[in-house]
Amino acid sequence: MTTTRASGREQAGPATTTPIRPPIDPKVRGLRIVVGVVAAAAALYAPFYFPAAQNKVLSQALYLAIAAMGLNLLTGFNGQVSIGHGAFFGVGAFTSGLLVVKQGWPYEATIPVAALVAAVVGLLVGFPALRVRGLYLALVTLGLAVLFPQLGQKYVKGSGGVPLLQPSLTDTKSLLQGLADDQYAYYLTLLVLVIVTLLTWSLVNSRAGRAMVAVRDQELAAATVGVNLAQVKVLTFAISAAYAGAAGSLSFMIDRVADATNPVIYFQRSIEFLVAMVVGGAATITGPIVGALAVVLLRRNTEQLIEGKPILSPALFGAALIAIVYVLPEGIIGGVRRLTSRVTHRPPPPSTLTTTTSDTSV
Amino acid sequence: MTLFLQQLVNGIGNGVVYGAVALALVLIYRTTGVLNFAQGEMALFTTYLAWKFARSVPVAAAIALAFVIGFVGGAIIERVLIRPVEEARSPLNVVIVTLGLFLGINALPQLIFGTDSQQMPKPWPSDAAPGDVVGTTRAVKVGAVSVSWAVIALALMMVAVCALLWLLFQKTRLGLALRAVASNPESSRLVGINAGLTLMLGWALSAGLGAIVGPLVAARSTGFDASLMQGVLVFAFSAAALGGFDSVLGAVVGGLVVGIAEALTTQYVDPLNGIEVLLPLLLILGVLLIRPNGLFGRRTVERV
């Protein structure tokens, strides 16, 4: 089945149409396994190595990765651009917040509920999205991200009447003996990330995943070969929203707040997701994870670079973004793939179709 | 009835602002196909420049200076930042660049001029107390309705801009080239039009228009800071979407529709109080359900 895998480098841009992927070079496969094992070991050991503050930053990168992965399903693999996933993230955060603070639920039980509620909202948004395409969809979702804090301000009252929910310290405490709260939060987030990564991988390599890519590349052609356009688009929207909702729920545990006081906060979140996806590599499985780490570390470093000039941080962040798009137009994963195929390059075996690796063999 | 007319006038005031920013978005979109998220922030930066110049020269001259800088700056941004990414044919990357510009240009005036709220001198008749450079806007009474000079000035500006753009697009050779590139870039290159120049001109015109609108918006409010254009941008986006994104007339009409609808709903529809953003969203969805390419947009033909 590897010949029809939908995650090829050839598909890094939403407009290219070469779904057939060459067999993986054994050297590259070996390298991938080594990198994977090292990364897994590092991810498991990290919370014991770093102090609590750093663990919190890492956990933030992990939940950003989950949301970016959801956006990647919708935008990278299905071609529907959304600048409104911050709203689904907010739905997740507020679902967990309301259940924990007002209803006294144990925090862990609220994660699937948050994902489910976000999926339902995503479904509701997905239906009008069938009529609205490309640019217009981006705009409608942008409106959603701006609307969400206003809804929060109107209908949610935290302590002091402000739309701000904060759990007490015991609500999101570690359930496991021997793990500090920050380490527990990290591992819980990592667990959710592993689950959604496996889910994404199997989804993308399934019949449904190929239908998603077909709809992105050639909607009309996909419809003529029997893909149910409406079903694929709406369901992708819902699944993608569920990822963002789960990420929002985790953010409630890690940041200890569900906040709607800032009118542009969820718009900024949406931008973060988009940036993490593109910086890591759109339409790749691991791209959003790499991109999320890059974004969080970049932001943290630009914040630390200049003491007492907080306003310089967004300026540097913006400049860094533009620079990354220049240096790595296919994202970090795309750049790494190009590098490895250059190092291990050999002529393709004669049995494969000739649509492979055209960009590196010239 | 008086209340209704008063809200109508207020709505037109806001609508002109939305329409003008939407027009700036459309100028870039129809020539380059890029949705410029940094539009509002580009206008913000030139607004700060106009405010700075207005300390030493009359306001009108300051805005003219800001226009020139915006015009040149827009061209430079297109040539240096947008085109290399555009040529890589990745629409998402262009979006990322404009978002990067959004963050960067928003921070720039705060770095240079500080984060305090500032006051813009008014380029229309106003009552000023001695020693006060800013003053308060005068209003004209029409029957029982008072029409602020800010609304009159904005409306006049809009009419003038539309007339000039119409002359440029319909009556000059350059305008013909601009329209040709907008409708078919490849073919226009083949007949010898310098497509690169027209793309630059699209951005330059758009940034220049922002440099005129921004100071007027700032002068209309009591004070302005770096968040001046952020609220406007969402409404401008919906105005452009209503109009169809490639139509100049559509942007203006869309802006007026959104502005008037906003003013009337805040007056008469109580449940929408505090969630006004819902309105442009519903308007866009409603229009797109009936006309998928906006009120004035062209149909696009898709080939498999």
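**Chain contact, helix packing and aromatic pairs**

Ala315(A) lies in helix α12 of chain A, which covers residues 312–327. The model described here is predicted. The relative accessible area of Ala315(A) is 14%. Ala315(A) therefore counts as buried, the cut-off being under 20%. Leaving aside residues up to four places away in sequence, Ala315(A) touches Leu103(B), Gly104(B) and Ala107(B). These three partners carry the chain label B. Within chain A, Thr302(A) is 13 residues from Ala315(A) along the chain. The C-alpha atoms of Ala315(A) and Thr302(A) are 9.1 Å apart.

The contact between the chains draws on 41 residues of chain A and 47 residues of chain B. Together, chain A and chain B bury about 3900 Å². Carbon and sulfur atoms account for 79% of that buried area. The number of salt bridges between chain A and chain B is 0.

Chain B contains 11 helices and 4 strands. Of its 304 residues, 53% are buried. The accessible surface of chain B amounts to about 13100 Å². Carbon and sulfur atoms contribute 65% of this surface. Contacts in chain B were also examined by sequence separation. Among those between residues at least 6 apart in sequence, 72% join residues at least 24 apart.

Leu25(B) and Gln39(B) illustrate contacts between helices of chain B. Leu25(B) belongs to helix α1, residues 2–32. Gln39(B) belongs to helix α2, residues 39–53. Leu25(B) has a relative accessible area of 1% and is buried. Gln39(B) is also buried, at 2% relative accessibility. The two residues touch each other. Not counting residues up to four places away in sequence, Leu25(B) touches Asn36(B), Gln39(B), Ala236(B) and Phe237(B). On the same basis, the contacts of Gln39(B) include Val21(B), Ala24(B) and Ile28(B). Ser206(B), Ala207(B) and Leu233(B) are also among the residues that Gln39(B) touches. Leu209(B) lies 184 residues from Leu25(B) along the chain. The C-alpha atoms of Leu25(B) and Leu209(B) are separated by 10.0 Å.

Over all chains, the structure holds 17 aromatic pairs. One of them joins Phe67(B) and Phe71(B). The ring centres of this pair are 5.9 Å apart, and the planes meet at 40 degrees. The pair is therefore tilted, since stacked planes are under 30 degrees apart and edge-to-face planes over 60. Both residues lie in helix α3 of chain B, residues 59–87. Phe67(B) and Phe71(B) are 4 residues apart, about one turn of the helix. Phe67(B) has 29% relative accessibility and counts as partly exposed. Phe71(B), at 27%, also counts as partly exposed. Both values fall between the cut-offs of 20% and 50%, so neither residue is classed as buried or exposed.

Other rings of chain B form a cluster. Tyr48(B), Trp51(B), Phe113(B) and Phe224(B) are linked by ring pairs. A charged side chain also sits over a ring in this chain. Arg30(B) lies over the face of Phe169(B), 5.0 Å from the ring centre.

Technical notes: Residues are numbered from 1 along each chain as its sequence is written. Chains are lettered from A and ligands numbered from 1 in the order in which they are written. This is a predicted model: local features need pLDDT of at least 70, side-chain atom pairs count only at pLDDT 80 or more; totals for chains, interfaces and linings use all residues. Side-chain values use heavy atoms; hydrogens and water are left out. Helices (H or I, at least four residues) and strands (E, at least two) are DSSP runs, numbered from the N terminus. Buried means under 20% relative accessible area, exposed over 50%, partly exposed in between (1.4 Å probe, protein chains only). Contact means heavy atoms within 4.5 Å. Accessible areas come from the Shrake-Rupley method with a 1.4 Å probe; for residues, only the protein chains shown count as cover. Rings of Phe, Tyr and Trp (its six-membered ring) pair if their centres lie within 6.5 Å; planes under 30 degrees apart count as stacked, over 60 as edge-to-face and the rest as tilted. A charge sits over a ring if NZ of Lys or CZ of Arg is within 6 Å of the ring centre and within 35 degrees of the ring normal. Buried area is the accessible area (1.4 Å probe) that two parts lose on being put together, summed over both. A salt bridge is a side-chain nitrogen of Lys or Arg within 4 Å of a carboxyl oxygen of Asp or Glu.
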